[in-house]
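Hello,

Here is the structure I promised to pass on. Please have a look at it first; my notes follow below.

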Amino acid sequence: MNLKDHKKIPLLELVDMDRAKKGVVYQAGSLKVQISATKGQTHYLGTDQEVESHFVVLKPKPGVCGEYLYHVLQQELPAFLYAYQTGLNIKPEIFEHMRVDVHTDLATQQHIASIMRTPMI
């Protein structure tokens, strides 16, 4: 594990993005980002579940820890939306322009996610 091994990568190289569809169950480990009447609220799916249609679902590709990516987006999404959001709604295609600073090693991502999950005393 090397915490110094990270780089900026286009978000869509890390995830597959779907506009949420009614009746579809999305896999645990995915993320949902509210795109209607939003400030970019992001949620981590800890279980398989349906997602309302006013979200996009980001499904991590192999080698990407969804829980880690959730924490990265919590940090990077506000500044990105400040630059790209043009009203109350987010156009899903703006995510084509988003680059995120991520650790490239899956074990490092999982370790960071476990630290972020640990409750503070």
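Start at Val102. Leaving aside residues up to four places away in sequence, Val102 touches Asp5, His6, Lys7, Ile9, Leu14, Tyr68, Leu69 and Val72. Keep in mind that this is a predicted model.

Val102 also belongs to the largest nonpolar core, which has 27 residues. Val102 is among those with the most contacts inside that core, together with Leu11, Leu14, Leu69, Phe95 and Met98. Two of these, Leu14 and Leu69, also appear among the residues that Val102 touches.

Which elements give two or more residues to this core? On the helical side they are H1 (11-14), H2 (66-84) and H3. The strands are S4 (31-34), S7 (55-60) and S8 (99-103). H2 gives the most, with eight residues.

There is also a second, separate core. It has six residues, including Tyr26, Leu45, Phe55 and Val57.

Now the overall fold. The protein chain has three helices and eight strands. From the N terminus on, the order is β-α-β-β-β-β-β-β-α-β-α. The radius of gyration is 14 Å, close to the 14 Å that the globule rule gives for 121 residues, so the chain is as compact as a globular protein of that length. Along the principal axes, the C-alpha atoms fill a box of roughly 40 × 30 × 30 Å.

How much of the chain is buried? Of the 121 residues, 40% count as buried. Contacts reach far along the sequence: among those between residues at least 6 apart, 69% join residues at least 24 apart.

On the surface, the accessible area of the protein chain comes to about 7,300 Å². Carbon and sulfur atoms account for 53% of that area. The charged side chains number 13 positive and 13 negative. The centres of the two sets lie 4 Å apart.

One last residue, Ala107. Ala107 lies in helix H3, which spans residues 106-117. Is Ala107 buried, partly exposed or exposed? Its relative accessibility is 45%, so Ala107 counts as partly exposed; the range for that class runs between 20% and 50%. Ala107 and Leu12 are 95 residues apart in sequence, and their C-alpha atoms are 21 Å apart in space.

Best wishes

How values were computed: Residues numbered from 1 in each chain as written. Predicted model: local features only at pLDDT ≥ 70, side-chain atom pairs only at ≥ 80, totals over all residues. Heavy atoms only, no water. Helix = DSSP H or I, 4+ residues; strand = E, 2+ residues; numbered from the N terminus. Buried < 20%, exposed > 50% of the residue type's maximum accessible area, 1.4 Å probe, protein only. Core = buried A, V, L, I, M, F, W, Y, C linked by side-chain atoms within 4.5 Å. Contact = heavy atoms within 4.5 Å. Rg over C-alpha atoms; globule rule 2.2 N^0.38 Å. Areas by Shrake-Rupley, 256 points an atom, 1.4 Å probe, with all protein chains shown as cover. Lys, Arg positive; Asp, Glu negative; His and termini not counted. Charge placed at Lys NZ, Arg CZ, Asp CG, Glu CD.
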